[in-house]
Amino acid sequence: MEPIAHIRTPFAEKFGVPRQGNLAPHVISEIVFEPAYRSMDCVRGLEQFSHLWLIWQFHCNGTEWHPTVRPPRLGGNTRLGVFATRSPFRPNGLGLSVVRLVSVEPGPVLRVSGADMVDGTPVFDIKPYIPYADSLPEATSGFTAQPWHPLAVEICAPLPPQATPEWVAGMQEVLAQDPRPAYQDDPEREYHLVLLPLEITFRVSGGVARVLRVAPAPRRG
């Protein structure tokens with residue numbers, strides 16, 4: 001199985017990728033097709049849909065997986081079966097995401113919002129999201145039904161010119177989901193999150209993520 005496309009996102013590293021991409025709607029990404037699929041015929045009619053399913057690969061994880069995992073939503077202390085969670089460490093390393101289609105550009109290139117993928121992630125297939133068939137209001141949500149409280153975000157540092165209003169909104173949405181590992185809760189620890197083109201330094205205490213510094217991200221490669 002070969003990728004049909006790769007996605008360009010502002011997430012240069014795994015740390016900081018939203019656990020639920022649709023909670024960061026201001027983060028815009030681009031799906032760029034491989035040469036064999038660079039035909040507008042391949043996406044004819046796609047602009048009629050508002051959302052897409054993406055099937056993709058956790059390409060940064062390697063091949064290691066375990067039968068049980070510790071979901072961050074449960075504080076990282078409770079083990080559940082890997083197939084009862086959305087853990088990225090899976091036997092076949094496949095991900096499934098719904099994104100909002102912003103526009104179809106020449107190329108073709110698909111501009112989407114709400115992607116929860118590292119920059120350069122391989123995409124294996126794209127399918128339109130169909131509300132009458134794909135949305136099931138009666139579905140139960142298991143352990144995820146427990147109340148979830150996003151972090152408040154406090155910006156305590158000057159912002160550089162690259163921090164556009166859209167970028168700032170995306171940063172706040174990403175930090176609100178608390179990107180820290182579930183087992184880390186040191187209020188003095190500084191975390192570094194790359195949201196291209198900038199790097200964010202922050203701390204978390206008392207349910208608040210405090211942005212301490214925002215600076216150009218280190219050059220990659």
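Pro197 lies in the loop that runs between strand E10 (191–195) and strand E11 (198–205). In this predicted model, a cis peptide bond joins Leu196 and Pro197, with omega at about 10°. A second cis peptide bond leads from Gly107 to Pro108, where omega is near -5°. Pro108 is likewise a loop residue, placed between strand E6 (94–105) and strand E7 (109–113).

A further backbone feature concerns Asp178. This residue, which is not glycine, has a positive phi, near 60°. Asp178 is found in the loop between helix H2 (165–176) and E10. With a relative accessible area of 17%, Asp178 is buried, because the limit for that class is under 20%. As general background, most residues other than glycine have a negative phi, and most peptide bonds are trans.

The report now turns to the side chains. A search of the whole structure finds 9 salt bridges. Three of the pairs, including their N to O separations, are set out below.

| Pair | Separation, N to O |
|---|---|
| Arg8 and Glu30 | 3.6 Å |
| Asp41 and Arg44 | 2.5 Å |
| Arg210 and Glu154 | 3.8 Å |

The salt bridge of Arg8 with Glu30 has its closest N and O atoms 3.6 Å apart. This pair links distant parts of the chain, as Arg8 belongs to strand E1 (residues 5–8) and Glu30 to strand E2 (residues 28–33), 22 residues apart. Arg8 is partly exposed, at 49% relative accessibility. Glu30 is also partly exposed, at 27%. The two residues belong to a network of salt bridges that links Arg8, Glu30 and Arg111.

The salt bridge between Arg210 and Glu154, at 3.8 Å from N to O, likewise connects distant parts of the chain: Arg210 sits in strand E12 (residues 208–216) and Glu154 in strand E9 (residues 152–155), 56 residues apart. Arg210 counts as partly exposed, its relative accessibility being 28%. Glu154 is partly exposed as well, with a relative accessible area of 37%.

In the remaining pair of the table, the side chains of Asp41 and Arg44 meet at 2.5 Å. Asp41 has a relative accessible area of 52% and is therefore exposed, the limit for that class being over 50%. Arg44, with a relative accessible area of 67%, is exposed too.

How values were computed: Residues are numbered from 1 along each chain as its sequence is written. This is a predicted model: local features need pLDDT of at least 70, side-chain atom pairs count only at pLDDT 80 or more; totals for chains, interfaces and linings use all residues. Side-chain values use heavy atoms; hydrogens and water are left out. A salt bridge is a side-chain nitrogen of Lys or Arg within 4 Å of a carboxyl oxygen of Asp or Glu. Helices (H or I, at least four residues) and strands (E, at least two) are DSSP runs, numbered from the N terminus. Buried means under 20% relative accessible area, exposed over 50%, partly exposed in between (1.4 Å probe, protein chains only).
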